[in-house]
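Hi,

Here's the structure I promised to pass along. Have a look, and my notes on the charged pairs follow below.

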Amino acid sequence: MEVNGMLVNQNRIQNRLEQLAVIGKIGETGVCRLAHSKEDREAVDLFRTWMDEAGFETEIDCFGNLVGKLQGTDPSAPLLVIGSHLDSQPYGGRFDGAAGCVAALEVAQTLKENDQRLVHGFHLICFSDEEGSRFAKGLFGSKGLLGMLEKGDLERQDKNGMTRKEALQEFGVNPGDISYEGVYKAQDLLAFLELHIEQGPILDKSNEPIGIVTGISGPLWLTVTLEGKAGHTGSVPMSLRQDALVGAAEIVGAIRETVTRDPEAKTIGSVGSLRVFPDSRNIIPEKVTFTVDLRDIDLERRNECEEIIMAKIKDVCQKHHLTYDVSEDTRSDPKYCADWIKGAMREEAKKMNVTAPEIMSGPFHDAITFSEVCDYGMIFIRCKDGISHHPDEFSTYADIALGTELLYHTALKIGSGAYKKAVETTIK
């Protein structure tokens, strides 16, 4: 595939990603930059210097977001927002989130170097705590900007007992400034764009470097707590035990059975975190807390799976004489990318002489938050073997540059003022 003249600077993209990869580095290729940690702050500070050099007006807000603003030629026009995140999983890779932030900045610099200025204002955002790994609830920064936080979100605790409020203070911002009204309203926004590695194998298996996202599966995150009764493992008869871990094991197995009933369905269900109390080899587990991550692009099918899982929790607890509690951490409906933005991406990919297959996203991204208030579009970059949330996560700099080139042309097309209106007129 011979790509028509690239304008973005691949060397600059590579250099920035390599500098970010040093912050929170684990092993040879992994990173650990937990939300609101000192490593997270170091990455934000470094990225802010690059944004300042590129001419953005920057701030780190009370949610921990790094926000950069470029004025458009029409101050009354709604904003084009492009961004991703810099925080990572505790055992994460170099490209998840970071590639999207670097790509957004490269778009701004390419516009500047080609003497191009958008009609619409351009806001670049490195969102705070997209991952949700530290406080078991993600998308914190994007939800904060859109007034979607819940009153208890600041009191959520990490595994060491630190609240999000305390972590934000340690990060260097004042959570007392947080308003639950939000910063952006629907009328303020033209669109949201995000570039991200695919985190799945479709592009890699099809040998395509980039793809256009069609939609994001809706995630449902639950925390389940089962309680039984502790006792000595050497003396309590098996028939009399109230073993919370045995109950949890049955439920975990049932979750997998439920989501794999239809091999053609896109349903995903996982238990990724499990804590046992008192956690001793010769004490019957009295209390088990575990997470459930349930996702599907088909909301009706996801809801059906949820009902089956909830019924199974009830049945298992009755069988083993356990009590249970289920709390909801995150619930988002599946969201589809805007046709007019996908159309712009198709047109620009064709001009670049690039094939960009259209694929769904299983993982959620900050784009799903913005989908509640404005149209959105995403570009995926292939990653080797579909591996992500792991130090082996890998995308080539050439692929990231190619995706950034498409992001640049898309931003230029839709940010220049007339494209959306022209599309809407044509449809009518």
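How many salt bridges does a search of the whole structure find? The count is 23, and keep in mind that this is a predicted model. Three of the pairs are described here.

Let's start with arginine 134 and aspartate 158, which form a salt bridge with their closest N and O atoms 3.0 Å apart. Arginine 134 sits in the loop between strand E6 (122-127) and helix H4 (140-145), while aspartate 158 is in the loop between H4 and helix H5 (164-171), so this pair ties together parts that are 24 residues apart in sequence. As for accessibility, arginine 134 and aspartate 158 are both buried.

Next up is arginine 331 with glutamate 328, where the closest N and O atoms of the salt bridge are 2.8 Å apart. Buried or exposed? Neither, really: arginine 331 is partly exposed at 35% relative accessibility, and glutamate 328 is partly exposed too, at 44%.

Then there's lysine 351, which makes a salt bridge to glutamate 348, with 3.2 Å between the closest N and O atoms. Both of these belong to helix H9 (residues 339-351) and are three residues apart, about one turn of the helix. Lysine 351 is exposed, with a relative accessible area of 53%, whereas glutamate 348 is buried at 6%. This pair is also part of something wider: salt bridges with shared partners link Glu347, Glu348, Lys351 and Lys413 into one network.

Cheers

Terms used
Residues numbered from 1 in each chain as written. Predicted model: local features only at pLDDT ≥ 70, side-chain atom pairs only at ≥ 80, totals over all residues. Heavy atoms only, no water. Salt bridge = Lys/Arg side-chain N within 4 Å of Asp/Glu carboxyl O. Helix = DSSP H or I, 4+ residues; strand = E, 2+ residues; numbered from the N terminus. Buried < 20%, exposed > 50% of the residue type's maximum accessible area, 1.4 Å probe, protein only.
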